[in-house]
Amino acid sequence: MTIPPGSRGRLRILCLHGYEQDSTIFKTKLRQHIQILQDIADFVFVDAPNVLQPYDIDGMDNMARETASRMGKSLGRTIKGWYWLQSADPEKVCGLETSIAYLESVLETQGPFDGVFGFSQGGLMAAVLCALLEHRYEGLSSACTHARFKFAIIASGYKLSDSKWTYLYAKPLHTPSLHMYGILDSMIHASKSIDLRHVFANAQEQSTVGAHFVPKSPEIIEALCKFVCSFH
């Protein structure tokens with residue numbers, strides 16, 4: 001899909017990476033998405049403020065870190081997250097307040113942003129920001145003057161279960177949104193992404209036969225382009 005440059009200003013999209021990742025990794029994951037939208041949009045990538053410790057980390061990345069440690073080496077990068085679990089049942093999260101405060105500063109110093117694009121835990125944070133900006137909940141500083149987003153793109157997103165934060169989903173969100181997920185995702189089950197989608201009153205959905213990654217099939221890329229272009 002070829003996108004002619006528009007006469008309006010370029011769109012600015014805030015990009016939020018997934019758990020155990022960083023802005024560099026997410027930028028690589030979105031290479032094709034960035035390329036197709038390069039004539040109309042700028043993608044701004046930021047790192048989560050919470051540095052995860054080994055006991056906060058699950059999965060292959062942690063296994064690689066432990067193997068490197070036994071060999072007297074370093075994995076070579078800092079592992080970050082927007083929050084981490086203090087307990088899973090019931091869910092209690094830590095670090096979310098720090099991330100919200102940090103993202104407020106990003107909005108004020110690097111914004112304004114037209115939209116937000118988040119993957120996995122970053123998708124959760126994208127929805128959190130949409131709720132805070134749209135309904136001006138008390139979790140948002142009164143000093144934050146950033147307007148609500150024009151749109152949100154959420155890949156493999158999900159909702160918080162921590163009772164401290166479920167108020168974020170009490171009211172429908174009217175920020176136009178595009179939700180993408182893989183029906184074979186074993187990390188964030190498709191049902192969780194669909195559950196988050198139901199919070200958004202003006203939502204579009206694109207699913208793929210895939211696992212836990214940002215979808216990039218030609219059909220998904222075209223749907224993403226049409227969605228973003230509608231705001232340019």
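Me: What is the relative accessible area of Tyr137, and how is the residue classed?
Reply: This is a predicted model, in which local features need pLDDT of at least 70, side-chain atom pairs count only at pLDDT 80 or more, and totals for chains, interfaces and linings use all residues. Residues are numbered from 1 along each chain as its sequence is written, and side-chain values use heavy atoms, leaving out hydrogens and water. With a relative accessible area of 12%, Tyr137 falls into the class (under 20% buried, over 50% exposed, partly exposed in between; 1.4 Å probe, protein chains only) that is called buried.

Me: How many aromatic pairs does a search of the whole structure find?
Reply: The rings of Phe, Tyr and Trp (its six-membered ring) pair if their centres lie within 6.5 Å, and planes under 30 degrees apart count as stacked, over 60 as edge-to-face and the rest as tilted. A search of the whole structure with this criterion gives a number of aromatic pairs equal to 7.

Me: Which residue forms an edge-to-face aromatic pair with Tyr137?
Reply: The two rings are 5.2 Å apart centre to centre, with 85° between their planes. Tyr137 sits in the loop between helix 5 and strand 8, and its partner in the loop between strand 8 and strand 9, so the pair ties together parts that are 30 residues apart in sequence; helices (H or I, at least four residues) and strands (E, at least two) are DSSP runs numbered from the N terminus. The partner, which counts as partly exposed at 26% relative accessibility, is Tyr167.

Me: Which residue forms a stacked aromatic pair with Phe151?
Reply: The ring centres are 4.9 Å apart and the planes are 25° apart. The pair links distant parts of the chain, Phe151 in strand 8 and its partner in the segment after helix 7 (218-229), 80 residues apart. Phe151 counts as buried, at 0% relative accessibility, and its partner is Phe231.

Me: How wide is the arc that the buried residues of helix 4 cover around the axis?
Reply: In helix 4, the buried residues are Leu96, Ser99, Ile100, Leu103, Glu104, Val106 and Leu107. They lie on the same side of helix 4, because the arc they cover around the axis (that of the directions from the helix axis to the C-beta atoms) is only 160°.

Me: Which residue of strand 8 stands opposite Val116?
Reply: Strand 7 (residues 115-119) has 5 of its 5 residues buried, with Val116 and Gly118 on one of its two faces. Strand 7 and strand 8 (residues 151-155) pair in the parallel sense over 5 bridges, where pairing requires at least two bridges found by DSSP. Opposite Val116 in strand 8 stands Ala152.
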